[in-house]
Protein chains: 2
Amino acid sequence: MKKRVSIKDIAEAAGVSTALVSYVLNNKEKEARVGKEIAIKIRDIAKQLNYQPNQLAKSLKSGKSYTIGLIVADISNPFFANIARTIEDEAKKNNYTVIFGSSDENAEKSKDLIDVLVNRQVDGFIIAPTENSQEQIKDLESRGIPLVLIDRYFPGISTNYVATDNFEASVDVVNHLVENGHKRVGLVTYDSDLINIKERQRGYEEALRKHGISVNPSMIAKIRFGNIEEDIPARINALLEGDKPVDSIFFATNTLALNGLKHINTLDYKVPQDLGIVCFDEGDAFDFFYSPLTHVYQPLFEVASKAVNVLIEQINDTQSPKKELIIASELIIRKSSGA
Amino acid sequence: MKKRVSIKDIAEAAGVSTALVSYVLNNKEKEARVGKEIAIKIRDIAKQLNYQPNQLAKSLKSGKSYTIGLIVADISNPFFANIARTIEDEAKKNNYTVIFGSSDENAEKSKDLIDVLVNRQVDGFIIAPTENSQEQIKDLESRGIPLVLIDRYFPGISTNYVATDNFEASVDVVNHLVENGHKRVGLVTYDSDLINIKERQRGYEEALRKHGISVNPSMIAKIRFGNIEEDIPARINALLEGDKPVDSIFFATNTLALNGLKHINTLDYKVPQDLGIVCFDEGDAFDFFYSPLTHVYQPLFEVASKAVNVLIEQINDTQSPKKELIIASELIIRKSSGA
DNA sequence: ATGAAAGCGCTAACAC
DNA sequence: GTGTTAGCGCTTTCAT
């Protein structure tokens, strides 16, 4: 790599000190009362030499990197990729750049990523926290590093977060199914302590009870994060077999629905006649499922853009009060949940 | 943000100079012949104080940021999100971190992104270049900044690149369609000068000619990047209407296929009986299309991981010869292209 | 109106 | 074995 031009090169070329160059190029000529002509000359030379300021040096000096660290479960998952895109755009508007990493829902990877990004002096974090990462989050908090959690959060820890109302959304789902004549609603969810997952189950159970339907553990299929391919067929078959098979399935996430429907497609069930289906989130995939899917629409754009705004607020004023934002989701009713 | 602990704090606490601390924490005690006990003491204190090296300072000093700049068209597009994920993993293996940006196929945005990332002293770039960004690429080259293009490249510019063989893949597609009895193959592609797009059309045309079928411009639908929603229905209808309607459609990209199939689904055509379909790339979406899609599988993992490896090679040795890698794709034959 | 110089955190050549 | 110091590129205080 060729030698880059620095402020010093410009100063020499202009026959002035580096101080003047710095003032001019940062548009502080007024405060510093730099001579009109000198200013013009400096700008000229800077342009000629194609001067590009070294952001690293600036950051080192100022203690501010204008960088946001983004940690999601998996950047290749459309759910997070969409969030990432919005965060990127929103960050750019504020002159921030985004460094990202994927945790794979793994607390150790998450810790490593946080360390790396802290070392890189990110000004703050946006994190979709993994299970068992409470200590990492607490640690960031105690070090006073600005932080916003998204999608999930930890009720016991005081942090900024932006998430959707998973409980209410799930209540809506079950209400809708029951009102459409489904009495035996199965839930396919993850075996996880993440609050978003737990809230979805809580909403499901609460709504059933409200309808006088007792919650039956055998109607809840818990899939292990790393074992989707293996668990899905087995657990769904279990829901559909036995003496009291489910008449509808509520998929707690996008990925579960995708895999679940692929499996159901191999079976002899017609949706919604034989089996009602509702799921969380959308997906291009679902546009081609023969029976358009009733689903929970989470306003990801809003989640992501608010997360950035809250974070930048915190960065600019560490004292600013913690924001805990819960955004409503919307139940989009299509054919798959019909009677 | 609380004051972070620096090498100086450790030095003071240990009653030694910063030099020793630096040596020890970088495992250079041998070369520097640091005392055994002092070394242990330094490490102890570092751990106690939870010392985290300031990567910015290191980079400023060393001129190496261990950061890769990644510019894709849109990180929320699964095609690029997948590439990004592989790049992230491969980079991490080599102790690199990734900063990304989305160009939206827009040369101006691309230029801005490059500037920002250059200022941040990325050690090198991986770029899926937009149309009309030749000058930007040349500029990076002339400044000696390591660079690998992916997915597309510019034949006139000598750069590293990793792409797939779009020409051959398209030839395979058309051969396959014609051999399955499709004589009037339509092409739905972008109105673009990007080499990957052009090569796909060239392959399509060449293969038709080889079969003695003359290329008819009216059978090629060119969609404008920003106008997919609008162009797709109109242009596809045009292909299907008239006195010489197509009997099959070759979609040149994922996104085009997704939108195209949605439209076709609203029409009265049965795939493959009434209309053969082949497309580039996969998608969860296609798993639910009633007629499983014959498609071109591009080995994205290979493209992305090779890109990282080539880039790191270049970073480590700017003199190392330019690598131009073309990887073969594979035609996956399913039902949608049947007779 | 301009320049000298300290210092952000770190490394490494050099001196002792 | 260990410490001193210059310097990476930049900002900013303080002299002049």
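Colleague: Which base atom of DNA strand D lies 3.4 Å from a backbone N or O atom of A57(A)?

Modeller: A polar contact is a pair of N or O atoms within 3.5 Å; within protein, one must be able to donate a hydrogen and the other to accept it, and residues adjacent in sequence count only if both atoms are side-chain atoms. Here the backbone of A57(A) has an N or O atom 3.4 Å from a base nitrogen of DNA strand D. This is a predicted model, where local features need pLDDT of at least 70 and side-chain atom pairs count only at pLDDT 80 or more, while totals for chains, interfaces and linings use all residues. Residues are numbered from 1 along each chain as its sequence is written, chains are lettered from A in the order in which they are written, and side-chain values use heavy atoms, with hydrogens and water left out.

Colleague: Which side chains have an N or O atom 3.1 Å or 2.9 Å from a phosphate oxygen of DNA strand D?

Modeller: N26(A) is at 3.1 Å, and K28(A) is at 2.9 Å.

Colleague: How many residues surround DNA strand D?

Modeller: A residue is near a strand if one of its heavy atoms lies within 4 Å of it. DNA strand D is surrounded by 25 residues, and I7(A), Y23(A), Y51(A), A32(B) and G35(B) are the closest. Sugar or phosphate holds 57% of the strand D atoms within 4 Å of the protein, with the rest in bases.

Colleague: And what do the side chains of K61(A), N26(B) and Y51(B) approach on DNA strand C?

Modeller: K61(A) has a side-chain N or O atom 2.9 Å from a base nitrogen of DNA strand C. For N26(B), a polar side-chain atom is 3.0 Å from a phosphate oxygen of that strand, and for Y51(B) a side-chain N or O atom is 2.4 Å from a phosphate oxygen.

Colleague: How many salt bridges are there between chain B and chain A?

Modeller: A salt bridge is a side-chain nitrogen of Lys or Arg within 4 Å of a carboxyl oxygen of Asp or Glu. Chain B and chain A have six, including D104(A) with R85(B), whose closest N and O atoms are 2.7 Å apart.

Colleague: What area is buried between chain B and chain A?

Modeller: Buried area is the accessible area (1.4 Å probe) that two parts lose on being put together, summed over both. Between chain B and chain A it is about 5000 Å², and carbon and sulfur atoms give 55% of that. Counting contact as heavy atoms within 4.5 Å, 59 residues of chain B meet 58 residues of chain A.
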